[in-house]
Amino acid sequence: MKIMLPANSKMQSKAFTYGVATASFQIEGAADSRLACIWDTFCATPGKVRDGSNGDQACEHVKLWREDIDLIESLGVDAYRLSISWPRVLHKDGSLNTQGVQFYTDLLDELNRRGIKPFVTLYHWDLPQHIEDNGGWLNRETAYLFADYTDKVTQAFGDRVYSYATFNEPFCSSYLGYEIGVHAPGLAKKSYGRQSAHHLLLAHGLAMKVLQKNSPNTENGIVLNFTPCYSATDSAEDVQAASKADQYFNQWYIKPLFDRCYPEIINDFATEDMPVIEEGDFDIIAQPIDFLGINFYTRAVYKADAVTGFSQIDMVDNPKTDIGWEIYPQSFTDLLTSLHALYPLPPMYITENGAAMGDKLIDGKVDDQDRLAYYDAHLNAVNNAIEQGVNIVGYFAWSLMDNFEWAEGYLKRFGIVYVDYDTQKRTLKSSAYAYKNLLANRK
Ligand code: FCB
């Protein structure tokens, strides 16, 4: 099977940016050459990660990065999205760790030498543990520490970077990490979720100001994830439930960037759940951004719930990926067109999209036709949104290679390249060949 886009599609042109994405903790390994982060601690806590694994080795990318760049180049992509490990580049006292910085400057230099644009995310969840010990994202001070980290690394990287994203998915850091505790640091309280979200957004705004000053020529923005919310039935109650879920999980993170406020569901909150917001915070948060990154995997369906307001229902009969996420490409188009209607958006990149599948390495090959079909359907869903006037300028497959999938450990494979964790051998899957073919045939 091939990935097929309409012949006249803008996504068939070389002006459309294609890439692959990874994140520091998920691939780097070499945990002994950096400070501890919240994911090291979380992994070491029994019962938190499904296979009891950790990021100590992962894909050993710190050791194998040259081969990994060969791999990236062999795919024919225009860009590579990676993240910087804060605990690798700063010491505890906030000064630069020159060895850690060197790792990234070498990597960035090599990408540039090969004409691959580096898209750098400054925070993909690996908060230094000593900062968490001081309250982490519940402490307003962390937002200022993040701005300082941004200042130092952007100066060190100079003009090596094509694009900076401040944060990857503040929803996951705040809701999964501080509100329901299934991600690091594993705290679980509604007020913690809302307060950490506010500090993450504040940190984004503060860092945007630093980027505007230190790096005015890069494309600077933020990456948000969306799981579009649908109602189980057409009843007014279910429709309202879906709207509330959407406000709580999705709009919460984008509305402050453009409208300088949280969605109206905040008015339903008990006093003790209200985040502390200081005067002027929304003006800091709503900095102009050069691009918005969108991560999309699946949708969610809701019905009304007398106690919680909304509850998610399992679409038992619909196709799902190996991680249990429903495959529903139409919701990708719906999401992009609805965001376009709601906000004055800058150009958008799809910064993550992909699927976990139960891959089998047989005779040196991984024939992942299921993942390939997912890519075909979702690239076409993006194309449909473009045809309806949405300004999408690039697409990154998640992920370059199989890696540490957070609370699922190494049990779920999202790569278009297969990783044998015992030998660290990388093998291109059928989806990688199809992606390569799509890119090679652009006009
Ligand atoms: C996203 C994360 C990414 C990866 C994918 C599957 O939420 O940004 O690191 O784990 O999900």
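**Loops, salt bridges and a ligand site**

User: In the loop between which helices does Arg260 lie?
Analyst: Arg260 is placed in a loop, where helices (H or I, at least four residues) and strands (E, at least two) are DSSP runs numbered from the N terminus. This is a predicted model, in which local features need pLDDT of at least 70, side-chain atom pairs count only at pLDDT 80 or more, and totals for chains, interfaces and linings use all residues. Residues are numbered from 1 along each chain as its sequence is written, and side-chain values use heavy atoms, with hydrogens and water left out. The loop holding Arg260 is the one between helix 10 and helix 11.

User: What positive phi does Arg260 have although it is not a glycine?
Analyst: Arg260 has a relative accessibility of 41% and therefore counts as partly exposed; buried means under 20% relative accessible area, exposed over 50%, and partly exposed in between (1.4 Å probe, protein chains only). Although Arg260 is not a glycine, its phi is positive, at about 55 degrees.

User: How many residues apart in sequence are the parts tied together by Arg260 and Asp283?
Analyst: Arg260 and Asp283 form a salt bridge with their closest N and O atoms 2.7 Å apart; a salt bridge is a side-chain nitrogen of Lys or Arg within 4 Å of a carboxyl oxygen of Asp or Glu. Because Arg260 lies in the loop between helix 10 (236–259) and helix 11 (281–285), and Asp283 in helix 11, the pair ties together parts separated in sequence by 23 residues.

User: Are Arg371 and Asp359 buried or exposed?
Analyst: The two side chains meet in a salt bridge of 3.0 Å, N to O. Arg371 lies in helix 13 (residues 369–387) and Asp359 in the loop between strand 10 (348–352) and helix 13, so the pair ties together parts 12 residues apart in sequence. Both Arg371 and Asp359 are buried.

User: Which residues do salt bridges that share partners join into one network?
Analyst: By the rule applied here the count comes to 27 salt bridges. The pair of Arg371 and Asp359 belongs to a network built from bridges with shared partners. Its members are Asp359, Asp368, Arg371, Asp402, Arg413 and Lys429.

User: How far from Glu405 is Lys412, the nearest side chain of opposite charge?
Analyst: Glu405 is located in the loop between strand 11 (392–398) and strand 12 (417–420). Lys and Arg count as positive and Asp and Glu as negative, while His and the chain ends are not counted. Leaving aside neighbours within four places in sequence, Glu405 is in contact (heavy atoms within 4.5 Å) with Gln26, Ile323, Trp398, Lys412 and Phe414. Glu405 is nevertheless buried without a salt bridge, and the distance to the nearest opposite charge, on Lys412, is 9.9 Å.

User: What percentage of the accessible area that the ligand has on its own does the protein cover?
Analyst: Residues surrounding the ligand, with a heavy atom within 4 Å of it, include Gln26, His124, Tyr297, Glu405 and Phe414. Polar contacts, here pairs of N or O atoms within 3.5 Å, place an oxygen atom of the ligand 2.9 Å from the side chain of Asn168, and one 3.0 Å from that of Glu352. A polar side-chain atom of Trp406 also lies 2.9 Å from a ligand oxygen. Of the 300 Å² that the ligand has on its own (Shrake-Rupley method, 1.4 Å probe), the protein covers 95%.

User: How many residues of helix 8 are buried?
Analyst: Helix 8 spans residues 170–179 and is mostly covered. Its cover includes strand 3 (117–123), helix 6 (129–132), strand 4 (163–168), helix 9 (190–214), strand 5 (219–226) and helix 10. The number of buried residues is 10 of 10.

User: Which residue does a cis peptide bond join to Ala184?
Analyst: The bond has an omega of about 5 degrees. The partner lies in the loop between helix 8 and helix 9. Ala184 is joined in this way to Pro185.

User: By what distance are the C-alpha atoms of Gly409 and Asp51 separated?
Analyst: Gly409 sits in the loop between strand 11 and strand 12 and counts as buried because its relative accessible area is 0%. Not counting residues up to four places away in sequence, Gly409 touches Val49, Asp51, Ser53, Asn403 and Phe404. Gly409 and Asp51 are 358 residues apart along the chain, and their C-alpha separation is 5.7 Å.

Key: Polar contact = N/O pair within 3.5 Å; in protein donor to acceptor, adjacent residues only side chain to side chain.
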